[in-house]
Amino acid sequence: MLEKLAETMLTNQKSKSTQFEQVNFAFFGIYFVVFALLAIVWLQSSVPLDFLFRDTFAVASVPVYYGFFSNLGIFLWLSSAAIMFFSTSILSIIDKQNKCCQFLLSFGSITLFLAIDDFFMLHERVFPRFLGVSEKVTFLAYGIIVIYCIFRFRRIILNNNFKIFFMAVLFLFSSIAVDQTLNSDQFLFKANDTYFFEDSLKLIGTVTWCFYFIKVSAEKITSLSKLKS
C-alpha cells in the first residue's frame, strides 16, 4: 500500500515538474522572440522608429474614428480566435481525442489569419505588391481552405447550430462578391456607398462568425466537463 502511494506521489511530482519545464520553455521562448524582434527593429534603418512604435492615428495625423468599423472587425476576429484557442487547450486537457479540439484549432487559426490579413492589409497591399498575388487568387485560396474545413468537420457543424454558421459564411462571401463586382467609384445611391455595403456585410458576417464559435466553445467545454464530473 505504501509502495503504491509512493509511486503515485512520484508520478505526480514528475508530471508537475514536466509541466513546470514546459511553462518555463514557453515563457523564455516568448521573451526570446520579443527581444529578437526589438533588436531587429533597433538595427534597421529603413523605417523611422517612431513610425513603428507610435499609435497609427498619431503617425498619420487623422481622427481616431477613422477606420472604426474595420478596427471593430479586427477586435472581433482576435477575440473569437483567442477564445477558440483557449477552449482548445481546455478541451485537450479533458479529452485529447475529442475532434472538437481540431475543429476549434482549425477555425481559430483561420480566424487569426483573417485578423492579421485585415490589420496588415495582406490581400489588398502586401500580397499583390510583394508576392505578385492578386486579390482574386487570395480570396480563392481562402475559400478553398474554408470549404475544406467545412467538409472535414461537417458532422460537428451540422450538429451545432449549423444555420448560424452558414449565415456567417453567406455574409462574408457576399462581402467578397460586392468587393469584386462593384468598383469603389460606382455609386448606387450616394458617394462611397459601395464601401458601406461591402463592409456592412463583412461586419455582420464577422459578428455572426464570432457568436457561433464562442457559443460552440462554451457548449463543448460545458458538456465535456459534465461528462467528466
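**Note on the predicted all-helical model**

1. Met121 is partly exposed, because its relative accessibility is 29%. The residue lies in the loop between α5 and α6, and its phi is positive, near 50°, although Met121 is a residue other than glycine. The model discussed here is a predicted one. Met121 comes directly after α5. As general background, most residues other than glycine have a negative phi.

2. A second backbone position deserves a look alongside Met121. Asn161 is not a glycine, yet its phi is positive, at about 50°. This residue is placed in the loop between α8 and α9. With a relative accessibility of 32%, Asn161 counts as partly exposed.

3. On the overall fold, the protein chain contains ten helices and zero strands. Its pattern along the sequence is accordingly written α-α-α-α-α-α-α-α-α-α. Of the 229 residues in the protein chain, 26% are buried. Among contacts with a separation of 6 or more, 67% are between residues 24 or more positions apart.

4. The spans of three helices may be checked against expectation. Helix α4 has 27 residues, which should span 39 Å at 1.5 Å a residue, and its end C-alpha atoms are indeed 39 Å apart. Helix α5, with 22 residues, reaches 32 Å from its first C-alpha to its last, close to the expected 32 Å. For α7, residues 135–152, the 18 residues should span 26 Å, and the distance between the end C-alpha atoms, 26 Å, agrees.

5. Which residues of α7 are buried? They are Thr138, Phe139, Tyr142, Gly143, Val146, Cys149 and Ile150. These residues lie on the same side of α7, because they cover an arc of only 135° around the axis. On the other side of the helix, Lys136, Leu140, Ile144, Ile147 and Phe151 are exposed. The cover over the buried residues of α7 includes α5 (99–120), α6 (122–131), α8 (154–158) and α9 (162–181).

6. Helix α4, residues 68–94, holds Leu78. The buried residues of this helix are Gly73, Ile74, Trp77, Ser80, Ala81, Met84, Ser87, Thr88 and Leu91. Leu78 itself is partly exposed, with a relative accessible area of 38%. Not counting residues up to four places away in sequence, Leu78 touches Leu112 and Ala115. The C-alpha atoms of Leu78 and Leu112 are 6.1 Å apart, while the two residues are separated by 34 residues in sequence.

7. Asp118 is a charged residue to inspect in helix α5. Its relative accessible area is 13%, so Asp118 is buried. Beyond residues up to four places away in sequence, Asp118 touches Ile74, Trp77 and Lys202. Of these, Ile74 and Trp77 are among the buried residues of α4.

8. Aromatic contacts are numerous enough to be listed separately: the count comes to 21 aromatic pairs. In one of them, Phe103 and Phe153 meet edge-to-face, with 5.6 Å from centre to centre and 65° between the planes. Phe103 lies in helix α5 and Phe153 in the loop between α7 and α8, so this pair ties together parts that are 50 residues apart in sequence. Both rings belong to buried residues: Phe103 has a relative accessibility of 0%, and Phe153 has one of 1%.

9. Which residues form one aromatic cluster? The members are Trp77, Phe103, Phe107, Phe153, Phe162, Phe165, Phe166, Trp209, Tyr212 and Phe213. Among these, Trp77 is also a contact of Asp118.

10. A charge is placed over an aromatic ring in the model. The charged end of Arg154 sits over the ring of Phe151, at 4.3 Å from the ring centre. Phe151 is one of the exposed residues of α7.

11. How many disulfides are there in the model? The count comes to zero. Cys149 is buried, because its relative accessibility is 8%. Cys210 likewise counts as buried, at 4% relative accessibility. Cys149 is also listed among the buried residues of α7.

Definitions and conventions
Residues are numbered from 1 along each chain as its sequence is written. This is a predicted model: local features need pLDDT of at least 70, side-chain atom pairs count only at pLDDT 80 or more; totals for chains, interfaces and linings use all residues. Side-chain values use heavy atoms; hydrogens and water are left out. Helices (H or I, at least four residues) and strands (E, at least two) are DSSP runs, numbered from the N terminus. The expected span of a helix is 1.5 Å times one less than its number of residues. Buried means under 20% relative accessible area, exposed over 50%, partly exposed in between (1.4 Å probe, protein chains only). The arc is that of the directions from the helix axis to the C-beta atoms. Contact means heavy atoms within 4.5 Å. Rings of Phe, Tyr and Trp (its six-membered ring) pair if their centres lie within 6.5 Å; planes under 30 degrees apart count as stacked, over 60 as edge-to-face and the rest as tilted. A charge sits over a ring if NZ of Lys or CZ of Arg is within 6 Å of the ring centre and within 35 degrees of the ring normal. A disulfide is a pair of cysteine sulfur atoms within 2.5 Å.
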